[in-house]
Amino acid sequence: MKLSVSGRAAAAAVVAATTLLATGSLAGAAPATPPVAAAPDLPVANVKAHLSQLQSIATANGGNRAHGRTGYRASLDYVKAKLDAAGFTTTIQQFTSSSRTGYNLIADWPGGDTTRVVMAGSHLDSVTAGPGINDNGSGSAAVLETALAVSRAGLQPTRHLRFAWWGAEELGMVGSRYYVNNLSSANRSRISAYLNFDMIGSPNPGYFVYDDDPTIEQTFKTYFSGLGVPTEIETEGDGRSDHAPFKNVGIPVGGLFSGADYVKTSAQAAKWGGTAGQPFDRCYHSSCDTITNLNDTALDRNADALAYAVWTLSS
């Protein structure tokens, strides 16, 4: 669902006002730095088009996109082709888990200060039980569309931008741990932020923000405040997704989450809508996690918040 007028404009206004007050750039004074281009409003139709492709891939490959299965590699090839065509430098990192070959996909956008890297990532694998469209096609598709929006905008951020799609998260964050463990100390220190997106289109959604790093947390809260959407601190998935390996070595992390198998309370339903007494995602890790297992409004808002954070934190 496309947001009307844009709540993005309201969020941007909050940031602009804060910047003016901080820099003393009121009354016509020249700003200290060039103004940052506004983050785009990602078309939710584009995000859903990627999800439709992931659904088709799962359907053609035994109903899933799990680690070591043909559906996972086909998913990775789909994402990689989009990124290559958009001008990213892509790298496939190979590892082994449970006697099967797994893959991470890393995409770097040319330019920016490579001693200060902003990363956004998501796990691309599903469980074997189903196609994994919310978990975690939703995060993967939104990260992909944000990367493509960077290309369309010809963005020239101050910091270097890197995007990642992880393998074998469902087996214990295997791909992301492999990536982090194989970084030199110097390269770890160059990552100034890692943003994680694991399940952002849950059908009975909540709006949860990671509280691991205060700057990243506030960036997301500022965006949602501009929409008039209240948030809560994320606790259900704490330490259970791909931000954990980064956090464990001291890299600042943050992210968004719309809920899994925890049950929505009456208070949460009162502020977010949806159904109290039901899970945020009744199809979590099940065969019914298909293209119909999404809330378009949550997917749209979270994808736009993702883009907003990438634009803001890389400026």
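## A disulfide and two helix pairs

C283 is a buried residue, because its relative accessible area is just 1%, and under 20% counts as buried. Keep in mind that you're looking at a predicted model. C283 is also half of a disulfide, with C288 as its partner. Besides that bond, this briefing walks through two helix pairs: helix 7 with helix 10, and helix 3 with helix 4.

**The disulfide**

- How many disulfides does the structure hold? There's one.
- The bond runs between C283 and C288, and their sulfur atoms sit 2.1 Å apart.
- Is C288 buried, exposed or partly exposed? C288 has 28% relative accessibility, so this cysteine counts as partly exposed.
- Turn about the S-S bond of C283 and C288 and you get a torsion of about -115°, so the disulfide is left-handed.

**Helix 7 and helix 10**

- Helix 7 covers residues 214–227 and helix 10 covers residues 296–314; their axes come within 10 Å and cross at roughly 130°.
- That angle makes helix 7 oblique to helix 10, because it falls outside the ranges for roughly parallel (under 35 degrees), roughly perpendicular (65 to 115) and roughly antiparallel (over 145).
- The crossing of helix 7 past helix 10 is right-handed.
- Want to find the contact yourself? On the helix 7 side, look for T215, I216, T219, F220, T222, Y223, F224 and L227. On the helix 10 side, the residues they meet are R301, N302, D304, A305, L306, Y308, A309, T312 and L313.
- Sorted by class, this contact between helix 7 and helix 10 has ten nonpolar residues, five polar ones and two charged ones.
- Here's a handy bit of background for reading such lists: an α-helix has 3.6 residues a turn, so residues three or four places apart point the same way.

**Helix 3 and helix 4**

- Helix 3 takes in residues 70–85 and helix 4 takes in residues 133–153, with axes that come within 10 Å and cross at roughly 10°.
- Helix 3 is therefore roughly parallel to helix 4, since angles under 35 degrees count that way.
- Which residues of helix 3 meet helix 4? They are Y78, V79, K82 and L83, and their partners in helix 4 are L144, A147 and L148.
- By class, the contact of helix 3 with helix 4 has six nonpolar residues, one charged residue and no polar ones.

**More on helix 4**

- Helix 4 is mostly covered, with 18 of its 21 residues buried.
- Right after helix 4 comes G154, which has a positive phi near 60°.

Key. Residues numbered from 1 in each chain as written. Predicted model: local features only at pLDDT ≥ 70, side-chain atom pairs only at ≥ 80, totals over all residues. Heavy atoms only, no water. Axes fitted to C-alpha atoms, helices over the stretch in contact; angles between N-to-C directions. Helix = DSSP H or I, 4+ residues; strand = E, 2+ residues; numbered from the N terminus. Left-handed = near helix turned anticlockwise from the far one by under 90°. Contact = heavy atoms within 4.5 Å. Nonpolar A, V, L, I, M, F, W, Y, C, P; charged D, E, K, R; others polar. Disulfide = S-S within 2.5 Å. Buried < 20%, exposed > 50% of the residue type's maximum accessible area, 1.4 Å probe, protein only.
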